[in-house]
Amino acid sequence: MSNSIRIATRRSTLALWQAEHVMALLRAAHPQVPVELVPMSTQGDRVLDRALAEVGGKGLFVKELEVAMQDGRADIAVHSMKDVPSELPPGFRIAAALPRANPRDAFISLRYRRFAELPNAARVGTSSPRRQAQLRAARPDLVLELLRGNVETRLRRLQEGSLDAILLACAGLERLGLGERITEVLDADFCVPAVGQGVIGIECRDDDTRSADLLAALHHEESFVRLSAERAFARALGGSCHSPIAAHATLGAGAIMLRGFVGAPDGGEVYRDAISGPIADAERLGLALAERMQAAGAGALLDRLRSEAAAPS
């Protein structure tokens, strides 16, 4: 093979790290194949003064990369899977998942050693509806502030002193060599991680068998199984950027355990449940957990959130 494989990626520091990591893995696995990056700025990167839910959701981070693949300007795209909607557009697939990094959330503060030490009305920065719902359910006194931008920008906001703490993904901090900034790793039962958090996924067109064959050498099946259960859960719930939905799958002793969370943005109504079963049934278990939680009341909550989001402002 002499044709190169072109990797579409966002321009943020973390996205470029991930794309360069994939590039290095591809070069090691296929020394005869030239690999190059196609960096681009997405709408999700450009609009930083509003919550993602107000400007189109986290799909804004991936849509333009998919257009580049569709147009033939790129062959594959590298994503943080937590940024990828649970339904891919027709004609695309996740061809490979890399070994999962730490999926949990990081509490970062210059003033307090643990989340439990935050005083009444402490100011906490996060842009995630999922985190907001779980934080408000645990601590309704907290003042939550919008925190957008890349990792460095968010850490700078904390350094400036207007916030008592911020929440970020452990995986991103550790990949950028900033793990020492983590004050406390939050328990996954207390703050259920985002669907796919910690997983780097590689997307290609359905009909691009060459890219899929090349990516097979990078694929980590255990991470993909966990990812599949979580994404099936989110897909069955029909969640959107307005919906605080979380899921975390773990493997052990031939079985998969999936924990799910659905909550109202104000934390006043939350649903938590878990299911376990054979690893081969990962997707089915995700669907079953979603159905059970919908019946318990999460379905009505999500319908209400969707109606409120669609209503004229």
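What follows is a walk through this structure, from its overall confidence to its sheets, salt bridges and a couple of unusual backbone angles.

Keep in mind that this is a predicted model. The protein chain averages a pLDDT of 92, and 92% of the residues score at least 70. Residues 46-52 are a spot to treat with care: pLDDT stays under 50 there. For that stretch the model has 17 contacts beyond four places in sequence.

Let's start with strand 10, which covers residues 200-205. How many of its six residues are buried? Six of the six are, so this strand is mostly covered by the definition of buried as under 20% relative accessible area. Strand 10 has pairing partners to look at as well. Strand 3 (residues 76-80) pairs with strand 10 in the antiparallel sense, over five bridges. To find that pairing on screen, look for Val-78, whose bridge partner in strand 10 is Ile-202. Strand 4 (residues 92-97) also runs antiparallel to strand 10, and five bridges join the two. Here the pair to look for is Ile-94, which stands opposite Glu-203 of strand 10. As a reminder for reading such pairings, side chains in a regular strand alternate between the two faces of the sheet.

Now move along the chain to another sheet. Strands 11, 12 and 13 form an open sheet in the order 11-12-13, with antiparallel pairing. Strand 11 and strand 13 are at the edges and have a single partner strand each, so one side of each is left without a neighbour in the sheet. From one strand to the next the twist averages 15°. Strand 11 and strand 12 are joined antiparallel over eight bridges, and one handy marker is Leu-251, with Ile-256 as its bridge partner in strand 12. Helix 9 (residues 221-237) packs on this sheet, where it touches strand 11 and strand 12. The direction of helix 9 makes about 150° with that of strand 11. Helix 10 lies across strand 11, strand 12 and strand 13, and it runs at about 170° to strand 13.

Next come the charged pairs. Side chains of opposite charge can pair when their charged atoms come close. In this model the count comes to 21 salt bridges. One of them is between Glu-184 and Arg-114, at 4.0 Å from N to O. Why does this pair tie together parts that are 70 residues apart in sequence? Because Glu-184 lies in strand 9 (residues 184-185), while Arg-114 sits in the loop between strand 5 (105-108) and strand 6 (123-125). Glu-184 is buried, with a relative accessible area of 19%, whereas Arg-114 is partly exposed at 42%.

Glu-184 is worth a second look. A polar atom of its side chain lies 2.7 Å from the backbone nitrogen of Phe-115. Leaving aside neighbours within four places in sequence, the contacts of Glu-184 include Asp-105, Ala-106 and Phe-107, along with Arg-113, Arg-114 and Phe-115.

A second salt bridge joins the side chains of Glu-145 and Arg-123, at 2.2 Å from N to O. This pair also links distant parts of the chain: Glu-145 is in strand 7 (residues 143-145) and Arg-123 in strand 6, 22 residues apart. Glu-145 counts as buried at 17% relative accessibility, while Arg-123 is partly exposed at 35%.

The third pair takes us back to helix 10. Arg-304 forms a salt bridge with Glu-269, with the closest N and O atoms 2.8 Å apart. Arg-304 belongs to helix 10 (residues 282-310), and Glu-269 to the loop between strand 12 (255-263) and strand 13 (270-278); the two residues are 35 apart. Both are partly exposed, Arg-304 with a relative accessible area of 38% and Glu-269 with 24%. Elsewhere, salt bridges that share partners join Arg-10, Lys-82 and Asp-83 into one network.

Finally, two alanines deserve a glance at their backbone angles. Ala-121 has a positive phi of about 65° although it is not a glycine. Ala-121 lies in the loop between strand 5 and strand 6, and counts as partly exposed at 38% relative accessibility. Ala-253 has a positive phi too, of about 55°, and is not a glycine either. Ala-253 lies in the loop between strand 11 (245-252) and strand 12. With a relative accessible area of 89%, Ala-253 is exposed.

Methods. Residues are numbered from 1 along each chain as its sequence is written. This is a predicted model: local features need pLDDT of at least 70, side-chain atom pairs count only at pLDDT 80 or more; totals for chains, interfaces and linings use all residues. Side-chain values use heavy atoms; hydrogens and water are left out. Buried means under 20% relative accessible area, exposed over 50%, partly exposed in between (1.4 Å probe, protein chains only). Helices (H or I, at least four residues) and strands (E, at least two) are DSSP runs, numbered from the N terminus. Two strands pair if DSSP finds at least two bridges between them. pLDDT is the predictor's confidence in each residue, from 0 to 100. Contact means heavy atoms within 4.5 Å. A polar contact is a pair of N or O atoms within 3.5 Å; within protein, one must be able to donate a hydrogen and the other to accept it, and residues adjacent in sequence count only if both atoms are side-chain atoms. Axes are lines fitted to C-alpha atoms, for helices over the stretch in contact, and angles run from 0 to 180 degrees between N-to-C directions.
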